[in-house]
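Subject: Structure for your review

Dear colleague,

Please find below the structure that I am handing over to you. I would be grateful if you could read the notes beneath it with the structure open beside them.

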Amino acid sequence: MTDVEAAGGTEAAVGDGGTLPFWVDAEDGEDTMGLLGGRPELRAVPLGPLRRNLAATVDALQQVFAEITAQGGTLPLAEAQLSFQVTASGGVQLIGTGQVSAGRALTLTFRRP
């Protein structure tokens, strides 16, 4: 059995709304933001909470971007990139510093059509 299979990350698990394998930083058995240097562990992240949390985060960001865009100005917002991490419980945590290595985060890019 591979590490991904052990974490519940088979294709069947992804398709049925079960889990998705993610490397998360763990410290003393609890998932962390990954910014504190915990040890990486492959975990089966539940897709239900991940979907809800990511959708709520994207909805909130789109509202913020709409407000910024409505302000207009000589340099309107054309693109925004945000990095986030996924916790073992399916949480989404935005990263507010440029000092985090890109290998420890996922990036969402919002671009005007």
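The notes below describe the overall fold and then the salt bridges. Please bear in mind that this is a predicted model.

The protein chain has 3 helices and 6 strands. Read from the N terminus, these elements follow the order α-α-β-β-β-α-β-β-β. Of the 113 residues in the protein chain, 29% are buried. The chain exposes about 7,300 Å², and carbon and sulfur atoms supply 54% of that area. Among contacts between residues at least 6 apart in sequence, 58% join residues at least 24 apart.

Turning to charged side chains, the count comes to 2 salt bridges. As general background, side chains of opposite charge can pair when their charged atoms come close.

One salt bridge joins the side chains of Arg-111 and Glu-79, with 2.7 Å from N to O. Arg-111 belongs to strand S6 (residues 106-111) and Glu-79 to strand S4 (residues 79-86), so this pair ties together parts that are 32 residues apart in sequence. Arg-111 counts as exposed because its relative accessibility is 60%, while Glu-79, at 37%, counts as partly exposed.

In the other salt bridge, the side chain of Arg-43 meets that of Glu-41 at 3.0 Å, N to O. Arg-43 has 19% relative accessibility and therefore counts as buried, since the cut-off for buried is under 20%. Glu-41, at 23%, counts as partly exposed.

Yours sincerely,
A colleague

Methods:
Residues are numbered from 1 along each chain as its sequence is written. This is a predicted model: local features need pLDDT of at least 70, side-chain atom pairs count only at pLDDT 80 or more; totals for chains, interfaces and linings use all residues. Side-chain values use heavy atoms; hydrogens and water are left out. A salt bridge is a side-chain nitrogen of Lys or Arg within 4 Å of a carboxyl oxygen of Asp or Glu. Buried means under 20% relative accessible area, exposed over 50%, partly exposed in between (1.4 Å probe, protein chains only). Helices (H or I, at least four residues) and strands (E, at least two) are DSSP runs, numbered from the N terminus. Contact means heavy atoms within 4.5 Å. Accessible areas come from the Shrake-Rupley method with a 1.4 Å probe; for residues, only the protein chains shown count as cover.
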